Amino acid sequence: MRLSEIKTLLDNEVEARNNSAELSFDKPDPLLVASQYQDESIALICALFGYGNVGLIVRFLQSLDFSLLDCSEEEIRKALSSHYYRFQKSEDVAALFIALKRLRSEESIENIFYTAYKKEENILDGLWHFIETLQSVYPRNTRGYNFLIGSIPKKVLSAGTYKRYMMYLRWMVRKDALDMGLWSKIDKKDLLMPLDTHTFQVSRRLGLLKRKTYDMRASIELTDTLRTFDQKDPIKYDFALYRLGQEKLA
């Protein structure tokens, strides 16, 4: 299939998928929960727990009381003492709530990202600055917590795809029937593809991605290819590619 034909296929998928019916309990997605609150901190929690079986992700997110972000740290620990998810023990879940509670009292997540992003309009610079800030506001060093919030890689191109953060940024920066568009300071042209196994495999099959290794370099390569389809909004194809893979349509 030629690139022009792939672009037509994806453009049609984007148009077909860009509606609220794509977010339902029949088609679960962490964005389903995040979009109910329209809050950058709650959305980040939804994104960071967005790994594993999508049905279980949504079920876990629905079990959380997000109003705890406005409660005392002791109340947070007590209320979340029985909440755990895969690699995260209850203490790790509580730690994320406490870190975001502390952060909310100081600065918005958008402004933290923007501080480093604005220098070269590099979304990864913004991400490393945010992770560093999140780690410093409530230091915790456990396997579960480190997996949840991530770390700054020594070699960016060979690092993981940081899919959950890239997905979060898509939600925050883009605005359509799916994405919330709560932020205004970061340009959607600078977003990177939230590459997961579905989008990686589909992109390889369609010929959008030649790289065989599932890493940040692959995410950047795919984003660059999609920029030839839409220079101003390359990541608009993310949800369409994801659903094509999830539903085994490509």
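In this predicted model, aspartate 215 sits in the loop that runs between helices α11 and α12. Because its relative accessibility is 4%, and buried means under 20%, aspartate 215 counts as buried. When neighbours within four places in sequence are set aside, the residues in contact with aspartate 215 are Leu157, Ser158, Ala159, Gly160, Thr161 and Leu195.

The helices on either side of that loop, α11 (197-206) and α12 (216-227), are also among the elements that cover the buried residues of α13. Eight of the nine residues of α13 are buried, so this helix is largely enclosed by the rest of the structure. Just after α13, lysine 248 adopts a positive phi of about 55 degrees.

Helix α4, which spans residues 54-62, has buried residues as well, namely Val54, Ile57, Val58, Phe60 and Leu61. Viewed down the axis of α4, these buried residues fall within an arc of 160 degrees, so they line one face of the helix. At the start of α4, a side-chain oxygen of asparagine 53 comes to within 2.9 Å of the backbone nitrogen of glycine 55.

The table sets out the two helices and the elements that help to cover them.

| Helix | Buried residues | Cover includes |
|---|---|---|
| α4 (residues 54-62) | Val54, Ile57, Val58, Phe60, Leu61 | α2 (30-34), α3 (40-48), α6 (90-104), α13 (238-246) |
| α13 | Asp238, Phe239, Ala240, Leu241, Tyr242, Arg243, Leu244, Gly245 | α1 (3-17), α4, α10 (163-173), α11 (197-206), α12 (216-227) |

Read together, the rows show that α13 is among the elements covering the buried residues of α4, and that α4 in turn is among those covering the buried residues of α13.

Methods
Residues numbered from 1 in each chain as written. Predicted model: local features only at pLDDT ≥ 70, side-chain atom pairs only at ≥ 80, totals over all residues. Heavy atoms only, no water. Buried < 20%, exposed > 50% of the residue type's maximum accessible area, 1.4 Å probe, protein only. Helix = DSSP H or I, 4+ residues; strand = E, 2+ residues; numbered from the N terminus. Arc of directions from axis to C-beta. Contact = heavy atoms within 4.5 Å. Polar contact = N/O pair within 3.5 Å; in protein donor to acceptor, adjacent residues only side chain to side chain.
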